[in-house]
Amino acid sequence: MARVKKAKKNSMMREAWRRLKKNPRAMVALCFLVFFFLVAAFADVIADYQMEAVKQVPLDRLQGPSAEHWFGTDNYGRDIFARIVHGTRIAILYGFGATLIGIVIGSLVGTASAYFGGRVDDVIMRIVDVMSTIPTLLLALAIVAGLGSGLPQVVIALAVGQIPNFVRVVRSAALSVVNMEYLEAGKALGANHLWLISKYVIPNVISIILIQGAMNVSFNLLMGATLSFVGLGVQVPTPEWGYMLKEGLSFMEGYPHLVVIPGICLMLVALAINTFGDCLRDALDPRLKGKA
């Protein structure tokens with residue numbers, strides 16, 4: 001039985017990958033995301049952090065794009081290209097890091113809620129209902145204000161804001177699995193609850209988890225940039241795209257590249273993530289194709 005289920009799951013993932021490969025939009029978005037991760041991984045090789053991204057050079061301030069400074073320099077004389085490159089790491093932590101934390105916690109809580117049911121389900125869902133009444137941005141602002149500004153605090157705030165959505169979605173999908181005969185048999189034989197959840201419940205809702213996660217990455221990325229824009233994100237002089245937008249606003253009229261370049265980077269990454277997430281949803285569940 002276990003081998004049959006594993007083979008079925010592998011077959012489903014292979015079929016989803018086959019559909020993705022046939023979708024030009026998915027492949028373009030995936031290639032862009034791979035490039036994005038490569039830039040983050042080799043940021044120190046591409047541009048020196050201390051000498052180009054952080055060091056202030058007053059004589060080079062507010063220069064336009066040139067052969068020496070591809071994206072120009074900011075009002076402190078720092079190379080914008082170097083700051084964009086190193087800012088990819090912060091963007092990954094905002095988007096993918098916060099989403100991963102939200103997925104892990106939300107999936108465990110959601111599956112536990114569906115699996116145990118009864119009073120456990122009622123308590124969990126009432127807590128989720130209360131959290132859902134608070135706007136995500138307001139909740140993130142409150143958490144960051146309480147914990148203090150900084151990268152770890154922002155990631156935690158973004159992750160906490162995503163947990164209610166993951167709990168609801170995963171619980172809804174898991175409800176159709178928890179009453180299956182093989183789970184009832186496992187309970188009757190005295191199998192460990194955690195083992196049953198990790199072995200049978202979560203694998204059956206993994207496609208829903210992946211779809212929901214992909215859709216939340218760009219939201220977390222933009223939300224993290226928003227928090228940095230209002231001064232509650234990473235601490236200066238750490239390169240971060242949202243804070244770069246804030247610094248460039250004062251000089252936008254005469255030096256539009258200070259705002260345009262980080263804005264385009266945010267737009268392209270968010271567009272690639274949303275496009276790939278949409279294509280992944282269609283690949284994992286063709287019945288949803290064309291639906292919002």
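Colleague: Buried means under 20% relative accessible area, exposed means over 50%, and partly exposed is in between. Which class does Pro 237 get?

Modeller: Keep in mind that this is a predicted model. Pro 237 has a relative accessible area of 34%, so it counts as partly exposed.

Colleague: Where is Pro 237 found?

Modeller: Pro 237 sits in the loop between H11 and H12. Its C-alpha is 8.6 Å from that of Ala 53. Along the chain, Pro 237 and Ala 53 are 184 residues apart.

Colleague: Let's step back. How many helices and strands does the chain have?

Modeller: There are 13 helices and zero strands. Read from the N terminus, every element in the run is α.

Colleague: And how much of the chain is buried?

Modeller: Of the 292 residues, 46% are buried.

Colleague: Take H5. How many of its residues are buried?

Modeller: H5 is mostly covered, with 27 of its 37 residues buried.

Colleague: What span should H5 have, and how far apart are its ends?

Modeller: The 37 residues of H5, at 1.5 Å a residue, should span 54 Å. The C-alpha atoms at its ends are 52 Å apart, so the two values agree.

Colleague: Where does H5 bend?

Modeller: At Leu 93, by about 30°.

Colleague: What about Ile 105, buried or partly exposed?

Modeller: Ile 105 lies in H5. Its relative accessibility is 36%, so it counts as partly exposed. Ile 105 and Val 167 are 8.3 Å apart, C-alpha to C-alpha, with their positions 62 residues apart in sequence.

Colleague: Now H11. What span should H11 have?

Modeller: H11 covers residues 206–229. Its 24 residues should span 34 Å at 1.5 Å a residue. The end C-alpha atoms are 34 Å apart, so that agrees.

Colleague: Where is the kink in H11 centred?

Modeller: On Asn 216, and the kink is about 25°.

Colleague: What follows H11?

Modeller: Gly 231 does, and its phi is positive, near 90°.

Colleague: Which residue other than glycine has a positive phi?

Modeller: Leu 62 is one, with phi near 55°. Most residues other than glycine have a negative phi.

Colleague: Where is Leu 62 found? And is Leu 62 buried or exposed?

Modeller: Leu 62 is in the loop between helix H4 (49–54) and helix H5 (80–116). At 13% relative accessibility, under the 20% cut-off, Leu 62 counts as buried.

Colleague: Changing topic. How many disulfides does the structure hold?

Modeller: Zero. A disulfide is a covalent bond between the sulfur atoms of two cysteines.

Colleague: Is Cys 265 buried or exposed? Same question for Cys 279: buried or exposed?

Modeller: Cys 265 has 16% relative accessibility, so it counts as buried. Cys 279 is at 2%, so it counts as buried too.

Colleague: What about Asn 274, where does that lie?

Modeller: In helix H13. Asn 274 has 35% relative accessibility, so it counts as partly exposed. The C-alpha atoms of Asn 274 and Ala 29 are separated by 8.7 Å. Those two residues are 245 apart along the chain.

Colleague: On to empty space. How many cavities of 30 Å³ or more are there?

Modeller: One. The largest cavity holds about 70 Å³ of space.

Colleague: Which helices supply at least two residues of its lining?

Modeller: H5, helix H12 (241–249) and helix H13 (257–284) each do. H12 gives the most, with three residues.

Colleague: Which residues line the largest cavity?

Modeller: Asp 74, Asn 75, Ile 80, Arg 83, Met 244, Glu 247, Gly 248, Leu 258 and Pro 262. By class, four are nonpolar, two polar and three charged.

Colleague: Last one. Where does Gly 148 lie?

Modeller: Gly 148 is in the loop between helix H7 (136–147) and helix H8 (151–174). At 24% relative accessibility, Gly 148 counts as partly exposed. Its C-alpha is 9.2 Å from that of Gly 233, and the two are 85 residues apart along the chain.

Terms used
Residues are numbered from 1 along each chain as its sequence is written. This is a predicted model: local features need pLDDT of at least 70, side-chain atom pairs count only at pLDDT 80 or more; totals for chains, interfaces and linings use all residues. Side-chain values use heavy atoms; hydrogens and water are left out. Helices (H or I, at least four residues) and strands (E, at least two) are DSSP runs, numbered from the N terminus. The expected span of a helix is 1.5 Å times one less than its number of residues. The bend at a residue is the angle between axes fitted to the seven residues ending there and the seven starting there. Buried means under 20% relative accessible area, exposed over 50%, partly exposed in between (1.4 Å probe, protein chains only). A disulfide is a pair of cysteine sulfur atoms within 2.5 Å. On a 1 Å grid over the protein atoms alone, a cavity is a set of points where a 1.4 Å probe fits but cannot get out, and a pocket is an open set with protein on both sides within 12 Å along at least five of seven lines; lining residues have an atom within 4 Å of a point. Grid points are joined across faces, edges and corners, and a volume is the space filled by probe spheres set on the points. Ala, Val, Leu, Ile, Met, Phe, Trp, Tyr, Cys and Pro count as nonpolar, Asp, Glu, Lys and Arg as charged, and the others, Gly among them, as polar.
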